[in-house]
Amino acid sequence: MSGRSRRDFLKIAVAGAAGTALAPSLGRAADKSVTLLHESSFIKTFDEYMQKTLAPAYEKETGVKVVYELTSVGSLPTRISTITETGSGADVTMIFLLYPFLFADKLMDVSDIAEDIGKKQGGWYDAAKEAGIVNGQWKSVPHSNIGQLMNWRTDWFKEVGVTKFPDTWEELYEVGKKLKAKDHPFGFELGHGFGDNHGWIYPLLWSYGGREVEPDGKTVVIDSDETARAVDFARKFFKDTMLDDVLGWTDVSNNKAWFAEQISCTNNAESILWLAKRDFPDIAKVTDQAMNPQGPKGRFHLLNCIGHSVFNFGPQKQEAHDFLHWVMEEKQLGGWYASADTYYQPFLHAYDNAPMWDVEPRNKPYRDAMGSAHLPGWPAPPTRQLAEVVAKYVTVDMFAKACAGASTKEVIKNAEAQLKEIYRTA
Amino acid sequence: MSIRTEPLIGVTRAQPRRRPASLAAWLDREPVFSWLMMTAPILFLAAFVGYPFVYGILLSLQDRPVAHVGTFVGLKNFVRDFNDPIFWRVAINTFVYTGVATLLKMVGGLALAVAMNQNFRMKNLVRAVLLLPFIVPTVLSTVAWMWMLDPAFSIFNWFLIALGMPKPGPSWLGNPTLAMASIIVINTWRGLPFYGITLLAGLQTVPPELYEAATIDGASGWQRFRYVTLPLLQPIILIVTLFSVIFTFADFQLVYVLTHGGPQNATQLFATYAFDIGMGAGQLGLGASVALTMLPALALLILALTLYMRRQ
């Protein structure tokens, strides 16, 4: 009896293992599908438009099924890493920031798509080229920018006599002092979030003429008078206008503070107004958005681009390429953009005056900001060293330490040492 | 034809009867069956523990950007780590975090176990409720803590302001020292039930006669605890501490969700820093080297505790 049950156990185990191993390959053989990996959108209608309109339309037109695979916010880089390391998974992926450069060797050259789409739809913004071209080849077809701009409370600004958003950092500082005195402080993230910190720190540095590294991608130039002036400004800006808590904020924090009516100005994506209109209509009425203030060397914004790339090792890479081309055609793309109003700001000039911009005119600064948007670390080229600088929060922490009380000289020296160590491998 | 086939059929029939019988007998042999049963766990461990571990070591010895072929660089990644000022900050953070949180969990867990070992009404219900922090998914409980530590919503700030502290009260996650203290407290809160319940199980194995004898000999409550309870619990305390140190040293979720290592790396630990470098910057080799630097410290600790237990 016991012998029989042992053999049965072994048989079941072997059969189960074989079944598990064989089942996926059998299933795959019967499919004709393309899998598109996307980070779950903050705007639900955007994902729904792909699931309910575009994917069925493509299947009807070509017979190829589109599987829209959603991953949670923040987990996309890990997913892309896994796919490139294992050589299996989705065929097309959403991609953003520096990742087209990091994964370039595993991504298909999609220059034909990008050039065709650009030609047909009014041409690309320069920012799109900065985000998608790696060593002369388009490694991702840019889709849109999720801009980071100034969000401000019109009612509280009005209390201190301001009806138009200040044009310079210094003017904003003066307004901020008055507002903090009236218990309406500013709140700009200085902690270790994903984007709301870089969203204003890099533009501030650039607008004072500071930069981390030269365009040669080797020479560290953070230790400059321009950087020192930006750091000095940030320190007084923090001390006299903000909540102390911003030093520990992550990306959710400024949203919470905004809806708790705790802060009168922050730097965020359009989502603040979008969410306010949905859940806090009274706050939405007094929320406005503006381009970043300018400094002595101009006005800058962070390029927070998203695009789509095709993995160059997949068995269905040609089908994936064709699908990406199809979805970027005006007939499909226009509707896809419109499904999210202007949360995703198009990189193509054909949409500069699209009707979606009239749905919420307060979003128009996001369109206007794209002309002065750059990737983190600009004007250094996007490289693995730059990715390390961003991942280690070198520049954010340089400003944060100064705001917490360290001297300008000390924080710049520390940042310089870190940058030199990282760029030593360049 | 039939004359020739009959004996052959007979032979072929006879063989399958014998073979399963011998296979069954062979499988029934204790050494064979035990090895067969051991094979699955060994393969499992080799695949999911051994392979990643060895792969991690190989990665740490390579310059290995994500999506690129690695090149062997020897110990260069470790040299880079040692030249990185954040790395040393991370090392100090991890030791402080692990040391203080483990101590608090040990003392608190022991107190909890002693309290739970008393007889009172609804004892079982209270014991079950005490396990909640351990059962609730870390990410979920950390989000709850995130609200409690936000000065705008914090019950602690509300209380302190009511006591006269100026608004908005302490910035729990914005101040480097308070941020470290906060993650230690949350880790302690989460890990206390593990200590408490395990030590409670140990307490219940202490024979009551020993307490009776000690009482007859005139021992006070403290003396009974010091000379009866504590020595008998020592092996369990050591094992729980061993587990707790390993879990705490490699903690990731709490910090990743709550502070992501901020402010200014004040709460950055080995696991979160390795993840940022490996996944955020795509430097798999360098990330692996940061993660592996945890190994010698943990290995030494485990060795020391194991030797101590053997000696006991």
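## Cores, domains and contacts: worked exercises

Of the 164 residues in the largest nonpolar core, Leu324(A) and Phe399(A) touch the most other members. The model is predicted, so local features need pLDDT of at least 70 and side-chain atom pairs count only at pLDDT 80 or more, while totals for chains, interfaces and linings use all residues. Residues are numbered from 1 along each chain as its sequence is written, and chains are lettered from A, with ligands numbered from 1, in the order in which they are written.

**Exercise 1.** Find out which element gives the most to the largest core, and what Leu324(A) touches.

*Step 1.* Get the terms straight. A nonpolar core is a set of buried Ala, Val, Leu, Ile, Met, Phe, Trp, Tyr and Cys residues joined through C-beta atoms within 7 Å. Buried means 20 or more other C-beta atoms within 10 Å of the residue's own, with C-beta atoms placed from the backbone.

*Step 2.* Look for the top contributor: α19(A), with 7 residues. (Helices are DSSP runs of H or I, at least four residues, numbered from the N terminus.)

*Step 3.* Now go to Leu324(A). Leaving out residues up to four places away in sequence, its contacts are Val92(A), Val110(A), Ile113(A), Val141(A), His308(A) and Val310(A). Contact here means C-beta atoms, placed from the backbone, within 7 Å.

*Step 4.* Don't stop at one core: a second, separate one has 10 residues, including Leu192(B) and Tyr195(B).

**Exercise 2.** Describe how the two domains of chain A meet.

*Step 1.* Set the bounds, which come from an automatic or database domain assignment. Domain 1 of chain A is 31–146 + 304–372, and domain 2 is 149–303 + 383–423.

*Step 2.* Check the spacing: over C-alpha atoms, the centres of these two domains of chain A are 28 Å apart.

*Step 3.* Count the contact: 22 residues come from domain 1 of chain A and 22 residues from domain 2 of chain A.

*Step 4.* Sort the domain 1 side of chain A by class: 13 nonpolar, 6 polar and 3 charged residues. Nonpolar covers Ala, Val, Leu, Ile, Met, Phe, Trp, Tyr, Cys and Pro; charged covers Asp, Glu, Lys and Arg; the others, Gly among them, are polar.

**Exercise 3.** Work out how many residues of chain A and chain B are in contact, and which elements of chain A take part.

*Step 1.* Count: 36 residues of chain A touch 34 residues of chain B.

*Step 2.* List elements giving two or more residues on the chain A side; among them are α1 (2–30), α18 (384–391) and α20 (408–423) of chain A.

*Step 3.* Sort that side by class: 12 nonpolar, 11 polar and 13 charged residues.

Key. Buried ≥ 20, exposed ≤ 12 C-beta atoms within 10 Å, placed from the backbone.
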